[in-house]
Amino acid sequence: MTEITIIEPQLIESRSFEIISEILGEERLQQIPAEQQGIVKRVIHTSADFDYADNLVFSPGAVAQAQAALRGGCTVVTDTRMAYSGINQRNLSKLNSAKACYIDAPEVAERAKAQGVTRAAVSMQLAAEQPENRIFAVGNAPTALLALRDLVLAGKLQPALVVGVPVGFVNVVEAKELFMELDVPYIIAKGRKGGSNVAAAVVNALMLGCLDCQ
């Protein structure tokens, strides 16, 4: 019969990360750059999916650039309310940063109808108009990621980081591959996997990295 070891509530997360490290193994961990390990582990912790140890792709300097923006006080924009809710407000406040989600703004629905595009795409257009919006976390809609790509190519946006982890089957892989052609900081989950919880996990891990260095 399977036995369950009772662990004190405050120790559950730390034990979870110990297990993740044990399963990955020292050799695999050494292949992941030190500044990326906390992000990879937190995404695995969130999803229980060890594929992210291979699927998460970081552009050069992405972690450092994102953390500099967070320390300097910026706004993290999400494509869904779920990702917005998942980003730790207390840690954002400690860094004098903020979060925003424009998906349910009235003007977004109006613009989307007029343009014949998704609200997620228009929410990124609206977000790009605000200079404090420096980090973009896309966990659901590939159209949001493609809209960010268009804004970068048009010279209307220079983000500190784009977290591109939309999930699904339609244009998801293509959107990620196209975005990785840009010369902007990104953290991308290659393939079909991702989700709003993964987007929030990446941002939360970046913030923890900032706070650990304070």
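**Exercise 1. How many disulfides does the structure hold?**

Before solving, note that this is a predicted model, in which local features need pLDDT of at least 70 and side-chain atom pairs count only at pLDDT 80 or more, while totals for chains, interfaces and linings use all residues. Residues are numbered from 1 along each chain as its sequence is written, and side-chain values use heavy atoms, with hydrogens and water left out.

Step 1. Take a disulfide to be a pair of cysteine sulfur atoms within 2.5 Å; by this criterion the structure holds zero disulfides.

Step 2. Cys 101 is in no disulfide, and the nearest cysteine sulfur, which belongs to Cys 74, is 16 Å away.

Step 3. Turn to accessibility, where buried means under 20% relative accessible area, exposed over 50%, and partly exposed in between (1.4 Å probe, protein chains only). Cys 101 is buried at a relative accessible area of 10%, and Cys 210 is buried as well, at 0%.

**Exercise 2. Work out how the buried residues of helix α5 are arranged around its axis.**

Step 1. Helices (H or I, at least four residues) and strands (E, at least two) are DSSP runs, numbered from the N terminus; α5 covers residues 62-72, and its buried residues are Ala 62, Val 63, Ala 66, Gln 67, Ala 69 and Leu 70.

Step 2. Looking down the axis of α5, these buried residues fall within an arc of 155° (taken from the directions from the helix axis to the C-beta atoms), so they line one face of the helix.

Step 3. Recall that an α-helix has 3.6 residues a turn, so residues three or four places apart point the same way.

Step 4. On the face of α5 turned away from the buried side sit the exposed residues Ala 64 and Gly 72, and just after the helix Gly 73 takes a positive phi of about 85°.

**Exercise 3. Describe the surroundings of Arg 42 and of Met 124.**

Step 1. Arg 42 belongs to helix α3 (residues 34-47) and is buried, with a relative accessible area of 15%.

Step 2. With contact meaning heavy atoms within 4.5 Å, and leaving aside neighbours within four places in sequence, Arg 42 is in contact with Glu 13, Phe 17, Ala 201, Asn 204, Ala 205 and Leu 208.

Step 3. Met 124 lies in helix α9 (residues 119-128) and is buried, at a relative accessible area of 0%.

Step 4. Again leaving aside neighbours within four places in sequence, the contacts of Met 124 include Val 77, Phe 136, Ala 144 and Leu 151.
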